[in-house]
Amino acid sequence: MSILAPAIEAILFSSNRPLRVRELQQVTDTDRPTIEQALEELRESLTHRGLMLQRHHDHVQLVTRPELAGYVRRALRPEVTGRLSTAAYETLAIVAYQQPVTRAKIEEIRGVNSDGVVSNLELRDLVREVGRGTGPGQPKLFGTTIRFLQMLGLESLEDLPFPDTQRLPDHEDGEEEEPGPEPAGRVPEESPDEEVPSPSA
């Protein structure tokens with residue numbers, strides 16, 4: 001493994017947010033192909049370890065593997081957990097598989113007004129505006145975020161399971177989110193309206 005791969009590992013581990021590939025280029029003074037090669041080396045080196053390299057478009061970060069989330073949560077002992085309603089799960093699934101998608105399209109599929117649900121998902125950093133449509137008024141286009149990948153424990157959007165179009169999400173109102181991988185070295189994040197535990201020293 002080149003020295004660049006462990007250098008990127010150290011940078012991502014120390015960062016408190018996902019980093020863009022071009023940021024890694026700048027801090028390492030290397031070109032994009034070199035960074036991409038180093039990221040692939042790092043991803044392969046983490047195959048049998050507790051961390052994995054998570055990527056969402058141009059953003060990358062280190063997170064704990066989803067199968068180990070239970071150990072991490074017990075160790076950090078968060079005081080509260082986030083919750084999503086059935087409507088939120090339905091809307092999130094639509095955005096995940098239809099992105100980029102307008103609010104009107106979401107409402108067409110669900111058959112009900114979805115303003116509040118989409119706003120809630122934006123507050124939780126699970127969906128965000130990714131562009132503007134070409135129709136009247138240039139409506140917002142929504143897509144998922146890297147936090148969405150964390151919740152599902154996925155390395156990238158390519159790992160999304162093939163959708164079952166014959167059934168709707170079967171989550172009960174108030175059901176807890178599935179614990180996803182936690183950012184390396186940090187306390188699990190919660191939605192903005194909930195208490196967030198202080199990071200341990």
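How many residues does H5 have, and how far does H5 reach from its first C-alpha to its last? In this predicted model, helix H5 has 13 residues and reaches 18 Å from end to end, counted from the first C-alpha to the last. That reach is close to the 18 Å expected at 1.5 Å a residue. H5 is a good place to begin a tour of the structure, and the next paragraphs start from there.

Many of the residues of H5 are hidden from the surroundings. Thr86, Ala88, Tyr89, Glu90, Thr91, Leu92, Ile94, Val95 and Ala96 are buried in this helix. What, then, covers the buried residues of H5? The cover includes three helices, H6 (103–110), H7 and H8, together with the strands E4 (101–102), E5 (127–132) and E6 (140–144).

H5 also takes part in the largest nonpolar core, a set of 22 residues. Inside this core, the residues with the most contacts are Leu84, Leu92, Leu121, Leu126 and Phe148. Leu92 is thus both a buried residue of H5 and one of those with the most contacts in the core. Two or more core residues come from each of helix H5 (86–98), helix H7 (115–123) and helix H8 (146–152). The largest share, 6 residues, is given by H5. A second core, separate from this one, has 16 residues, and Ala5, Leu12, Leu46 and Val60 are among them.

The strands that help to cover H5 can be followed in turn. E6 is itself mostly covered, with 4 of its 5 residues buried. Strand E6 pairs with E4 in the antiparallel sense over 2 bridges, and Val101 has Phe142 in E6 as its bridge partner. E6 also runs antiparallel to E5, and 5 bridges join these two strands. Here Arg128 stands opposite Gly143 of E6. E6 therefore has a pairing with E4 as well as one with E5.

Charged side chains add another layer to the picture. Across the whole structure, a search finds 11 salt bridges. One of them involves helix H6, where Arg103 meets Asp115 at 3.6 Å, N to O. Because Arg103 lies in helix H6 and Asp115 in helix H7, the pair ties together parts that are 12 residues apart in sequence. Asp115 is partly exposed, with a relative accessible area of 36%.

Another salt bridge stays within H6. Glu108 and Lys105 form this pair, and their closest N and O atoms are 3.7 Å apart. Why do Glu108 and Lys105 sit about one helical turn from each other? The two residues are 3 residues apart in helix H6, so about one helical turn separates them. An α-helix has 3.6 residues a turn, so residues three or four places apart point the same way. Glu108 is exposed, at a relative accessible area of 59%, whereas Lys105 is partly exposed, at 33%.

A similar spacing appears in helix H3 (residues 32–45), where Arg43 and Glu40 are 3 residues apart and are separated by about one helical turn. Their side chains meet in a salt bridge of 2.6 Å, N to O. Arg43 is partly exposed, with a relative accessible area of 34%, and Glu40 is partly exposed, with a value of 34%. Finally, a network of salt bridges links Arg32, Glu36, Arg55 and Asp58.

Note on methods
Residues are numbered from 1 along each chain as its sequence is written. This is a predicted model: local features need pLDDT of at least 70, side-chain atom pairs count only at pLDDT 80 or more; totals for chains, interfaces and linings use all residues. Side-chain values use heavy atoms; hydrogens and water are left out. A nonpolar core is a set of buried Ala, Val, Leu, Ile, Met, Phe, Trp, Tyr and Cys residues joined through side-chain atoms within 4.5 Å. Buried means under 20% relative accessible area, exposed over 50%, partly exposed in between (1.4 Å probe, protein chains only). The expected span of a helix is 1.5 Å times one less than its number of residues. Contact means heavy atoms within 4.5 Å. A salt bridge is a side-chain nitrogen of Lys or Arg within 4 Å of a carboxyl oxygen of Asp or Glu.
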